[in-house]
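The exercises below concern the structure shown next. Each consists of a task and a solution in steps.

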Amino acid sequence: NAHPSARGVSLIKGLDFDTNTKLPVLISKSIEEVMGRNFKCGVLMGANIADEVAKQCMCESTLACDFGNEQLNEQTLRLFDEPPNFRVTRIGDVAGAEAFWG
């Protein structure tokens, strides 16, 4: 299990599938389950490809997280504050961002 204050941000696009029901499962939810009780996982989703980011083209992504505390949400957003050509905005709807932008 992860430390009680640990949080995560997934960069994985797509869906997982439950091995029993065969129904789709958000990857962030799979990560939360594996990491243990009370672990929260957000997602970083955007239309850019890795090559554009590596070439330092102007890029945009959305950080979707709801860690239950606005200070934690803002601290997490600041982690993605560099470089100046990579703009990240934050929303609270993790499932929406992952399902529709992933």
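**Exercise 1: a loop residue and its partner**

Gln56 is exposed, with a relative accessibility of 58%. The model is a predicted one.

Task: Classify Asn85 as buried or exposed, and state which residues are in contact with Asn85, leaving aside neighbours within four places in sequence.

Solution.
1. Asn85 belongs to the loop between helix 3 (70–79) and strand 6.
2. Its relative accessible area is 17%. Buried means under 20%, so Asn85 is buried.
3. With neighbours within four places in sequence left aside, the contacts of Asn85 are Gln56, Cys57, Met58 and Cys59.
4. For Gln56 there is also a polar pair: its backbone oxygen is 2.6 Å from a polar atom of the Asn85 side chain.
5. Gln56 itself sits in the loop between helix 2 (50–54) and strand 5.

**Exercise 2: positive phi**

Task: State which sign phi has in Gln56 and in Asn38, and where Asn38 is placed.

Solution.
1. Most residues other than glycine have a negative phi.
2. Gln56, which is not glycine, has a positive phi near 60 degrees.
3. Asn38, also not a glycine, has a positive phi of about 75 degrees.
4. Asn38 is placed in the loop between helix 1 and strand 4. Its relative accessible area is 59%, and Asn38 is therefore exposed.
5. Gly36, just after helix 1, has a positive phi of about 110 degrees.

**Exercise 3: the sheet and the helices on it**

Task: Give the strand order of the open sheet, and say which strands stand at its edges and why one side of each lacks a neighbour.

Solution.
1. The open sheet has four strands in the order 1-4-5-6, and the pairing is mixed.
2. The edges are strand 1 and strand 6; each has a single partner strand, so one side of each is without a neighbour in the sheet.
3. From one strand to the next, the twist averages 25 degrees.
4. Strand 4 and strand 5 run antiparallel and are joined by three bridges. Val43 stands opposite Ala64 of strand 5.
5. Helix 3 packs on the sheet, where it touches strand 1, strand 5 and strand 6, and its direction makes about 165 degrees with that of strand 6.
6. Helix 4 lies across strand 4, strand 5 and strand 6, at about 40 degrees to strand 4.

**Exercise 4: helix 1 and helix 4**

Task: List the buried residues of helix 1 and of helix 4, and find which residues Ser28 is in contact with, leaving aside neighbours within four places in sequence.

Solution.
1. In helix 1 the buried residues are Ile27, Ser28, Ser30 and Glu32. Their cover includes strand 1 (7–10), strand 2 (15–17), strand 3, strand 4 and helix 4.
2. In helix 4 (residues 94–101) the buried residues are Val94, Gly96, Ala97 and Glu98. These pack against strand 3 (24–26), helix 1 (27–35), strand 4 (40–45), strand 5 (59–64) and strand 6 (86–91).
3. Ser28, a residue of helix 1, has 1% relative accessibility and therefore counts as buried.
4. Beyond neighbours within four places in sequence, Ser28 is in contact with Cys41, Val43, Val94 and Glu98.
5. Ser28 is ten residues from Asp18 in sequence, and their C-alpha atoms are 13 Å apart.
6. The N-terminal end of helix 4 is capped by Asp93, with a side-chain oxygen 2.8 Å from the backbone nitrogen of Gly96.

Notes:
Residues numbered from 1 in each chain as written. Predicted model: local features only at pLDDT ≥ 70, side-chain atom pairs only at ≥ 80, totals over all residues. Heavy atoms only, no water. Buried < 20%, exposed > 50% of the residue type's maximum accessible area, 1.4 Å probe, protein only. Helix = DSSP H or I, 4+ residues; strand = E, 2+ residues; numbered from the N terminus. Contact = heavy atoms within 4.5 Å. Polar contact = N/O pair within 3.5 Å; in protein donor to acceptor, adjacent residues only side chain to side chain. Pairing = 2+ DSSP bridges. Axes fitted to C-alpha atoms, helices over the stretch in contact; angles between N-to-C directions.
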